[in-house]
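Q: I'd like a close look at the start of the chain in this model, please. Take me from there to whatever it leads to, with the numbers as you go.

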Amino acid sequence: MTPLEIADIIGIVSFALSGFLIAVHYKLDILGVFISAFLTALGGGMIRDVIANKTPYVLSDNLPIILVSTTLFLAFIFKLHKTTDLEGKTWFIVSDAIGLVSFAITGALIGIKADFNFLGVLMLAFLTAVGGGTIRDILINKVPSILVSEFYGTVAIIIGLITYFLHLGNYVSIVTLTITFIFGVTLRLLAYYKKWSLPKL
């Protein structure tokens with residue numbers, strides 16, 4: 001299994017759980033829960049693949065659908081829909097951080113594979129990481145996280161930047177991407193709990 005496939009699987013599962021939790025928090029019905037989970041988990045990847053002129057992964061492989069469906073099934077089994085005070089739950093924040101960083105890595109790798117330039121790689125990392133969640137937030141009438149959350153979209157750009165420079169130095173491997181992943185998740189969690197943010201006008 002390639003680093004891209006591993007990062008994609010981790011991102012899909014993490015964001016499916018994040019989308020599920022957001023949906024039940026906003027009291028959506030069963031269909032709304034499924035739409036929220038699928039959009040969060042697969043929306044960014046579809047945007048990524050379309051820009052990279054690829055057939056969207058979700059339309060050519062059954063694995064993404066199986067991963068999202070299994071995640072939802074387990075979430076129901078373990079009664080995660082009973083969760084209250086969602087924003088304060090550490091495991092929700094961790095799940096969202098893992099999805100964000102994993103998808104930033106996959107976006108950067110796809111951009112590199114498609115021979116995109118520096119800006120193209122960063123853009124694909126950013127859109128893959130935040131695209132699905134942004135569409136979901138707009139649908140449920142919530143201000144997208146990238147506009148208000150502490151250091152959210154910035155983390156995706158930083159991870160895309162690191163992945164690009166790893167590629168330039170021919171250092172892309174499971175080990176270096178794992179280190180990048182751990183760094184990204186740690187950075188996001190620190191930013192959340194320390195309330196770091198970019199300057200506001």
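A: **The start of the chain and what surrounds it**

Threonine 2 has a relative accessible area of 38%, so it counts as partly exposed, a class that runs between the 20% limit for buried and the 50% limit for exposed. Please keep in mind that this is a predicted model. Threonine 2 sits in the segment that comes before helix 1, which spans 3-25. From here there is a long jump along the sequence: serine 173 is 171 residues away from threonine 2, yet their C-alpha atoms are 9.2 Å apart in space.

That jump takes us towards the other end of the protein. Just before serine 173 in numbering comes asparagine 170, placed in the loop that joins helix 8 (152-168) to helix 9 (174-194). Asparagine 170 is not a glycine, but its phi is positive, about 60°. With 70% relative accessibility, asparagine 170 is over the 50% limit and therefore exposed. Aspartate 115 makes a good companion to look at, since it too has a positive phi of about 60° without being a glycine. The loop in its case lies between helix 5 (90-113) and helix 6 (118-139), and aspartate 115 is exposed because its relative accessibility is 71%.

Helix 1 itself leads to another neighbourhood. Serine 102, a residue of helix 5, touches Ala7, Ile10, Gly11 and Phe181 when residues up to four places away in sequence are left out. Ala7, Ile10 and Gly11 have numbers within the 3-25 span of helix 1, while Phe181 falls within the 174-194 span of helix 9. Is serine 102 buried or exposed? Its relative accessibility is 1%, so serine 102 is buried.

Aspartate 96 also belongs to helix 5, and its contacts beyond four places in sequence are Phe15, Ser18 and Tyr152. Phe15 and Ser18 again carry numbers from the 3-25 span of helix 1. Aspartate 96 has a relative accessible area of 11%, which is under 20% and therefore buried. For a sense of distance, isoleucine 140 is 44 residues from aspartate 96 along the chain, and 17 Å separates their C-alpha atoms.

Now for the charged side chains. Asp8 joins Arg48, Asp49 and Lys54 in a network of salt bridges, and the number of Asp8 places it within the 3-25 span of helix 1. Within this network, arginine 48 and aspartate 49 pair up with an N to O distance of 2.9 Å, and both residues are buried. Aspartate 49 also bridges to lysine 54, with 3.9 Å between the closest N and O atoms; this pair counts because the distance is within the 4 Å limit. What are the burial classes of its two ends? Aspartate 49 is buried, since its relative accessibility is 0%, whereas lysine 54 is partly exposed at 38%.

Another pair to look at is arginine 136 with aspartate 137, whose side chains form a salt bridge with N and O 2.9 Å apart. Arginine 136 and aspartate 137 are both buried. Over the whole structure, 5 salt bridges are found. The protein carries 13 positive and 11 negative side chains, and 8 Å separates the centres of the two sets.

Stepping back, the fold consists of 9 helices and 0 strands. The radius of gyration is 16 Å, close to the 17 Å from the globule rule for 201 residues, so the protein is as compact as a globular protein of that length. Its C-alpha atoms occupy a box of roughly 45 × 40 × 30 Å along the principal axes. Of the contacts with a separation of 6 or more, 73% join residues 24 or more positions apart. Buried residues account for 47% of the 201, and the accessible surface is about 10300 Å², with 69% of this area from carbon and sulfur atoms.

Methods
Residues numbered from 1 in each chain as written. Predicted model: local features only at pLDDT ≥ 70, side-chain atom pairs only at ≥ 80, totals over all residues. Heavy atoms only, no water. Buried < 20%, exposed > 50% of the residue type's maximum accessible area, 1.4 Å probe, protein only. Helix = DSSP H or I, 4+ residues; strand = E, 2+ residues; numbered from the N terminus. Rg over C-alpha atoms; globule rule 2.2 N^0.38 Å. Contact = heavy atoms within 4.5 Å. Areas by Shrake-Rupley, 256 points an atom, 1.4 Å probe, with all protein chains shown as cover. Lys, Arg positive; Asp, Glu negative; His and termini not counted. Charge placed at Lys NZ, Arg CZ, Asp CG, Glu CD.
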